[in-house]
Structure formats: C-alpha cells, structure tokens
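Thank you all for coming. I would like to take a few minutes to walk through one model with you, starting with its strands and ending with its largest pocket.

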Amino acid sequence: MSSASQDTPAAPGSTALDPAIAARLKRTEDGLLPAVAQQYDTGEVLMLGWMDDEALHRTLTTGRCTYWSRSRSEYWVKGDTSGHLQHVKSVALDCDGDTLLVQVDQVGAACHTGARTCFDEDVLLPR
C-alpha cells in the first residue's frame, strides 16, 4: 500500500493535475473516474480501478498506476505490496470525459485473486 493516504479522494482542482485535463473530467459524485487497465501490446483487459485527480496526476507523473481504494479509503500503487506492477504506456480519456483507459505493461497478475485478469473467471454469454 502507498504511504500517501487520506480519508477522502482529493477534491477536483486540489491537486497538481494539469487544469486543462482536470476541466475535461466528468467525475462521479464522490470525485472518481473508472480507469480500465489494458495490456498495451495484446489489448487484454486486465482490471478496473478508480482514480481521482490526484491518482491520475500520480499515474501520469510516476509511470505507475495509482488508484483510489473505495473500500480502504486510500491511494494504492499497483504492485507496491504484491510486486505485480503496472508500467504505464499511455492514458486516454474517453469521448465523454468520464472513463480512463490506461494501457500498461503488466508484470504478474492484475487481479487480487492472483489471476492474470479480473475478467476471465465468470464469462456470461448472451442467449
């Protein structure tokens, strides 16, 4: 876990995130954006995490994915405790400004269960 934690996500505009980027973000009521992590070279969808402005700023400036944990109410850098790192290749904002696509080079498992991806266990098929 990251040692930089706080009780609530950072308020929009209260971080060092570029104001031009911050102005484009459409956050949930609690100030968060869903961030889909995708393996950059295969397109494999790995996981979904949540970012606020500060987590996005840290992700962009460190090259490592930082998320906001809604269950623990703190920032966490993917791989700090597990060793399963996400090296950021690119970050894209969707056309509505309400979702991030983070292309990463995943080292080890992306899922907290130890699986490569969070989306391979329970595939639901249409009828």
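Before I describe any pairing, let me say that two strands are taken to pair if DSSP finds at least two bridges between them. Please also keep in mind throughout that what you see is a predicted model.

With that in hand, strand 5, residues 86–93, and strand 6, residues 100–106, pair in the antiparallel sense, with 7 bridges between them. Two of the partnerships can be found by eye, since V88 has V104 as its bridge partner in strand 6, and L93 has L100 as its partner in that strand. Strand 5 and strand 6 form a hairpin with 6 residues between them, and in the turn G97 has a positive phi of about 75 degrees.

Strand 6 has another neighbour, namely strand 1, residues 33–39, which runs parallel to strand 6 and is joined to it by 5 bridges. Here Q38 stands opposite Q103 of strand 6.

Let me stay with strand 6 for a moment. In a regular strand the side chains alternate between the two faces of the sheet. Along strand 6 that alternation can be followed residue by residue: L100, V102, V104 and Q106 point to one face and are buried, whereas L101, Q103 and D105 point to the other face and are not buried.

Stepping back to the whole protein chain, there are 2 helices and 6 strands, and along the sequence they follow the pattern α-β-β-α-β-β-β-β. Of the 127 residues in the protein chain, 39% are buried.

I turn now to the aromatic rings, where the count comes to 2 aromatic pairs. The first I will mention is Y67 with W76, whose ring centres are 5.0 Å apart and whose planes meet at 35 degrees, so this pair is classed as tilted. Y67 counts as buried because its relative accessibility is 0%. The other is W68 with Y75, an edge-to-face pair with 4.9 Å from centre to centre and 75 degrees between the planes. Both W68 and Y75 are buried.

The ring of Y75 has a further contact, in that the charged end of R58 sits over it, 4.3 Å from the ring centre. A similar arrangement can be found elsewhere, with the charged end of K89 sitting over the ring of Y40, 4.9 Å from the centre of that ring.

In the loop between strand 3 and strand 4 you will find S73, which has a positive phi of about 55 degrees although it is not a glycine. S73 counts as partly exposed because its relative accessibility is 30%, and partly exposed covers what falls between under 20% for buried and over 50% for exposed.

Finally, which residues are the closest to the centre of the largest pocket? The pocket itself has a volume of about 530 Å³, and of the 25 residues that line it, the closest to its centre are M47, R72, W76, K78 and H112. The elements that give two or more residues to this lining are strand 2 (45–51), strand 3 (66–69) and strand 4 (74–77), and strand 2 gives the most, with 4 residues. By character, the lining divides into 11 nonpolar, 10 polar and 4 charged residues. W76, then, is the residue I would ask you to look at last, as it is among those closest to the pocket centre and is also the ring partner of Y67.

Terms used
Residues are numbered from 1 along each chain as its sequence is written. This is a predicted model: local features need pLDDT of at least 70, side-chain atom pairs count only at pLDDT 80 or more; totals for chains, interfaces and linings use all residues. Side-chain values use heavy atoms; hydrogens and water are left out. On a 1 Å grid over the protein atoms alone, a cavity is a set of points where a 1.4 Å probe fits but cannot get out, and a pocket is an open set with protein on both sides within 12 Å along at least five of seven lines; lining residues have an atom within 4 Å of a point. Grid points are joined across faces, edges and corners, and a volume is the space filled by probe spheres set on the points. Ala, Val, Leu, Ile, Met, Phe, Trp, Tyr, Cys and Pro count as nonpolar, Asp, Glu, Lys and Arg as charged, and the others, Gly among them, as polar. Rings of Phe, Tyr and Trp (its six-membered ring) pair if their centres lie within 6.5 Å; planes under 30 degrees apart count as stacked, over 60 as edge-to-face and the rest as tilted. Buried means under 20% relative accessible area, exposed over 50%, partly exposed in between (1.4 Å probe, protein chains only). A charge sits over a ring if NZ of Lys or CZ of Arg is within 6 Å of the ring centre and within 35 degrees of the ring normal.
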